[in-house]
Amino acid sequence: MVTGQGAIRKHWQPLFGSLSQLGDGGIADRAERARQHLEEDGVTFNLYAAADAPIRGRGSARAPGLQRPWALDPLPLVICTEEWATIEAGVIQRAHLLDRVLADLYGPQTLLTAHRYPPALVFGSADFLRPCRNAVHGAPTAHLQHYAVDLTRSPDGIWRVVADRAQGPAGAAYALQNRRVMTRVMGEAFRASRVRPIASFFDAWQADLQARSRGDRDNPRIVLLTPGPFNEAYFEHVYLARQLGATMVEGADLTARGGRIFLKTLGGLQPVDVILRRVDGNWCDPLELRGDSALGVVGLLDAVRAGNVSLANALGSGLVDTPALAAFLPRLAEQLLGEALRLPSVATWWCGQSYALNEVMDRLPELALRPAFSAGGEPVHVAALDAEARAALVARLRNRPDGFVAQEAIVASVAPGLGAAGLEPQSIVLRVFATADRGGYAVMPGGIARVPAGNDPLRASLQRGGVNKDVWVEADEPADGGSVARPARNRIVIRRTVGELPSRAADNLYWLGRNAERLDNGGRLLRAALQRVVSGFAGARDFVEMAAITRVLARCGIVDPAVAAAPPDGMLLSHALVHAFAPGRLMDQTLQAMDRLAASARDRFSVDMWRTVNHLLGDLRGRLDWATGNADRMLDLLDDLVRVSAALAGMASENMTRGSGWRFLDLGHRLERAVYVARVILGVQETPRPNWESALHLALELCDSTITYRTRYLAALQPAPVLDLLLLDDSNPQSLAFQAAAIRWHLAALPARGAGAVGRDMLAPFETLVEVVVAFDRDDLDDTVVASAMASLRQRVADVEQAMLGLSDEITRSYFSHVQAARAVGYG
């Protein structure tokens, strides 16, 4: 920020002029506002538990580790025009160079035969994917479509490369999110500083992805392949998919048929033109690469060889992430590009060469050692080791020198940042992003600046956490407001399709709807039970109703049958109610399922809807420990839970297009509500006849239909009108008839499956419910008539419950999997 004479540099002056007007506590207030914005948007970069370490970054299907919020410093890193020009030119050159290196190592391998690059660094690397050799043919940038590089400025003022990121460079979406937050919390400083916009970078990225399509180049199908919601950078995957116009998919959403890749949708298989992958290369095809991968697509590599799908980046691009490559890049730049390397790397030695090993041994205390074949390998600073640890390290080094890289322990330059005591100098590592653009590369005019752990640039990575900064590049002239998207050459046909939703997305939305309704139903049941517990069972009716509630709770799996059989006013039941959200209980599992499914379906929600869902679910999660064990607090939580369910239903109704996604979400709601109403009826119908009025009152309460009934029939409670309202009234959104009508409507609008309509036979039991109401709608309700009517009620409603559970299975088989028809093998 300052010159050698202590004066503030020109390009920093507008920022500090604005800061001086904030007053005491102004910067800290902006930091808190930034934190709130990021929390509302659900911006995280996740950490894995130790058990997931072997596949960190690959997206384990196991339980996620720590969900770490994204930390943003309100003070940006400001870079002047001249300094940025040097960085930009160096990044473009380096991207070209690495693309040429990949093209050679996965092609003719002249660098190896000419002894320009050691074969041991290729064939000894797990990132060299042998089946991918000669798989990609094309113009420059075919292997490296997007690229990131970590830089630090050394004391001599020269920017040096710390690490290259070519496997699946993370951070571009975080940079855009940083910028959007900073323009809100530091808007005055941003406008005063005349900063270059970064949105046009994503326009270029999207245009290049479209240009890579072998098919429809005006409107190709681009998908972003993610390991799933447990991946550390899942937020970025969702954000990028929206920004680049890509459909977010997991490996199970794609299938290979006849040398092509298809997306499994409700309407069948749709061809895929371009895959932007966020799954490491060796996990992408279990047929030819890692056989234990559940993240890839069987046959993907065959489709790539056939030229039927483009991958960005190409499989195997992680080969150039190895830190050992830095030792050879200056010579490779002269040979492949005919020019000197513009951005030097931190001084690096590959210890597999005898002269390099000798030099490393002579300078060992000044260096840091790290694995040669692991871009994320932890550096070990030799000077920090005691004698015993140093001796052990030297022994390993001499035993396997080719497995080690030595790098100079560089001291990074500093920039101002917000620390615990206010502004302080902090070491900085800068990550810069590039994307292919019309045969060359375009660089984002900005990036992410990070404060590395322990002020060590060699430890700077997104996985290791730390504080992030926006990067403001000084503009030569005022911004023009961004770039205009490149127009398509051909007219796009207008269409309103319902069948192009990926099957996995439909699956997630369907179960999100079911779990949201299940959470609401459970909340209503628990609230009704706890209200009677805290009132001290004021009358006999409370005991009757409590017995019925516990039967429904047991049917719904919220309490154990043994608890339901206990005395209504006993400690066993009250303890179960106030601990209903304890780990492992159904309500806890349901809330966890909602968290998981909402995150998985995040790309299907608008920004406002996601913020609402994230905030409401986060608030519920944060209050569980506070409420557990205390009846009054649990009632407060349950009241909020019911309100949250209503808010989510309202957001879905008002913010989701009436397409397949909304239909499956609502279908899950309707089916789960039908099961719930059936279980309420089955639970209360066991009440003896003298207590029918209490049972009918409870049924109306649990099905949220009391006001409707009172409006129609005033105070009188009789079986026939109550059952008509809850079973047959298709104007009541809580009734079984309403659910049946909605389910029929949704199924009729979805793509047809097989020879007949899905669920046609499953809905037949609803038609028999009329007979149940008719049986009660008479004056002579003697014991014989009542016994017959009750038996019919139990049977018909139980049939509805089982039909709905069977329909759920049929929906899963019909829409959420694309299994090819079985073929007979052997003699007929």
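These are my notebook entries on the cores and one helix pair of a predicted model.

Entry 1, ground rules. I number residues from 1 along each chain as its sequence is written, and side-chain values use heavy atoms, with hydrogens and water left out. Because the model is predicted, local features need pLDDT of at least 70 and side-chain atom pairs count only at pLDDT 80 or more, while totals for chains, interfaces and linings use all residues.

Entry 2, whole chain. I find 27 helices and 20 strands in the protein chain, taken as DSSP runs (helices H or I, at least four residues; strands E, at least two) and numbered from the N terminus. Of its 828 residues, 56% count as buried, that is, under 20% relative accessible area with a 1.4 Å probe, protein chains only.

Entry 3, cores. The largest nonpolar core (buried Ala, Val, Leu, Ile, Met, Phe, Trp, Tyr and Cys joined through side-chain atoms within 4.5 Å) holds 125 residues, of which Tyr117 and Ile275 touch the most other members. Helix 3 (residues 81-105) gives the most to this core, nine residues. Apart from it I noted another core of 112 residues, including Leu512 and Met790.

Entry 4, helix pair. I looked up helix 21 (residues 660-684) and helix 25 (residues 736-749), whose axes come within 9 Å and cross at roughly 150 degrees; axes are lines fitted to C-alpha atoms over the stretch in contact, with angles from 0 to 180 degrees between N-to-C directions. The two are therefore roughly antiparallel, a label for angles over 145 degrees. Among the residues that meet (heavy atoms within 4.5 Å) are Trp662 and Leu667 in helix 21 and Phe738 and Trp745 in helix 25.

Notes
Buried < 20%, exposed > 50% of the residue type's maximum accessible area, 1.4 Å probe, protein only. Parallel < 35°, antiparallel > 145°, perpendicular 65-115°, else oblique.
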